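Subject: Structure for you to look at

Hello,

Here is the structure I said I would pass on. My notes follow below it.

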Amino acid sequence: MTLPLKTRSILQDRAELINIALKLKENNLSPGCSGNISMLTDDGQKILITPTGLDYKLLKKEDLVLLSLDGNEVEGRNGPSSEWRFHCALYARRKNIKAVIHTHSVHATAVACLHEEIPPIHYHVALCGDKIPLAGYHMYGTQELSNLILEKIGDYNGLLMANHGALAVGNSLENAYTVIEAIEFVSTLYLKAKVAGTLKILSQREIEQVRDRFQQIGY
Ligand SMILES: [Zn+2]
């Protein structure tokens, strides 16, 4: 007898997204009303995204907005986050992406204001790739910003957005959260280590070994 595959309900998705929003808030990763979160629904046909301009602490399940993959509103009492363009574009580009988190966390944003990529100064960079790349500046919410993010993210799991913030993707909301948290942690180290002395960077081989280990035994 073949048992049906376990499926998630839209209510479970809404609850999971709210949990991640609160976790971002509790850990000071999303100051004020900044940032946005989305996830692909179980049927792979729609995305659930945070609404525009609402503090995560006040967020209720019914505030989340359901969009088609091309960005049309399917259901919701609010408008979607102004950054819906890059959320939709990322799901369309990479089929393994199931969740996207964007924040204005302080240290990641500070490095993004320097217009610098972060080299592998710590093995947690491997959660993102062999570095944390940078996408240059375009105004928030624009097609130009979305296009640039798609170009720069390639196969990385996250990047810095110049004069703006940080972005992470994952095959689950938890994994995207792990990446956005790692970006903030490594950005904090980067700023502190740079003023304390000369950075010592892991070699390409060393960072590849960590990436292999993450794949074998997890983080
Ligand atoms: Zn933003």
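In strand 1, N36 stands opposite H102 of strand 5. Please keep in mind that this is a predicted model, and that everything below was computed from it.

The strands

I began with strand 1 because five of its five residues are buried, so the rest of the structure largely encloses it. Neither face is open: N36, S38 and L40 are buried on one side, and I37 and M39 on the other. Strand 1 has two partners in what I went through. Strand 5 runs antiparallel to it and is joined to it by four bridges. Besides the pair given at the top, M39 faces A99 of strand 5. Strand 2 (46-49) also pairs with strand 1 in the antiparallel sense, over three bridges, and here S38 stands opposite I49. Five residues lie between the strands in this hairpin, and G44 takes a positive phi near 70 degrees.

Strand 5 (99-103) is mostly covered as well, with five of its five residues buried. A99, I101 and T103 point one way from the strand, while V100 and H102 point the other way. Strand 5 also pairs with strand 8 (residues 165-170), in the antiparallel sense and over five bridges. In that pairing T103 stands opposite A166.

Helix 1

Helix 1 (residues 10-26) has 17 residues, which at 1.5 Å a residue should span 24 Å; the end C-alpha atoms are 24 Å apart, so the two agree. Which of its residues are buried? They are D13, L17, I20, A21 and L24. Seen down the helix axis, the buried residues fall within an arc of 100 degrees, so they line one face. On the other side, L11, Q12, A15 and E26 are exposed. The cover over the buried residues includes strand 1, strand 2, strand 5 and helix 5. Just after the helix, N28 has a positive phi of about 55 degrees.

Helix 5 and the core

Helix 5 (residues 173-196) was checked in the same manner. Its 24 residues should span 34 Å at 1.5 Å a residue, and its end C-alpha atoms are 35 Å apart, which agrees. The buried residues of helix 5 are L173, A176, Y177, V179, I180, E181, A182, I183, E184, V186, S187 and Y190. Among the elements that cover them are helix 1, strand 1, strand 5, helix 3 (106-113), strand 7 and strand 8.

The largest nonpolar core has 56 residues, of which A166, A168, A176, I180 and I183 touch the most other members. Helix 5 gives the most to this core, with nine residues. In soluble globular proteins, nonpolar side chains tend to be buried together. I183 is a useful residue to start from if you want to look around the core. Setting aside residues up to four places away in sequence, I183 touches A108, C128, I132, G158, A166 and A168. A166 is thus worth a second look: this residue is among those that touch the most other core members, and it also stands opposite T103 in the strand pairing.

Two loop residues

What covers a loop residue such as A162? A162 lies in the loop between strand 7 (158-161) and strand 8. A162 counts as buried because 20 other C-beta atoms lie within 10 Å, and 20 is the cut-off for a buried residue. Residues up to four places away in sequence aside, A162 touches A112, H115, L134, A135, G136 and Y137. A162 and A108 are 54 residues apart along the chain, and their C-alpha atoms are separated by 9.8 Å.

The other one is Y56, in the loop between strand 2 and strand 3 (65-68). With 21 other C-beta atoms within 10 Å, Y56 is buried. Leaving out neighbours within four places in sequence, Y56 is in contact with A21, L22, L24, K25 and S30. Of these, A21 and L24 are also among the buried residues of helix 1. Y56 and R211 are 155 residues apart in sequence, and 32 Å separate their C-alpha atoms.

Regards

Definitions and conventions
Residues are numbered from 1 along each chain as its sequence is written. This is a predicted model: local features need pLDDT of at least 70, side-chain atom pairs count only at pLDDT 80 or more; totals for chains, interfaces and linings use all residues. A nonpolar core is a set of buried Ala, Val, Leu, Ile, Met, Phe, Trp, Tyr and Cys residues joined through C-beta atoms within 7 Å. A residue is buried if 20 or more other C-beta atoms lie within 10 Å of its own, exposed if 12 or fewer, and partly exposed in between; C-beta atoms are placed from the backbone. Two residues are in contact if their C-beta atoms, placed from the backbone, lie within 7 Å. The expected span of a helix is 1.5 Å times one less than its number of residues. The arc is that of the directions from the helix axis to the C-beta atoms. Two strands pair if DSSP finds at least two bridges between them.
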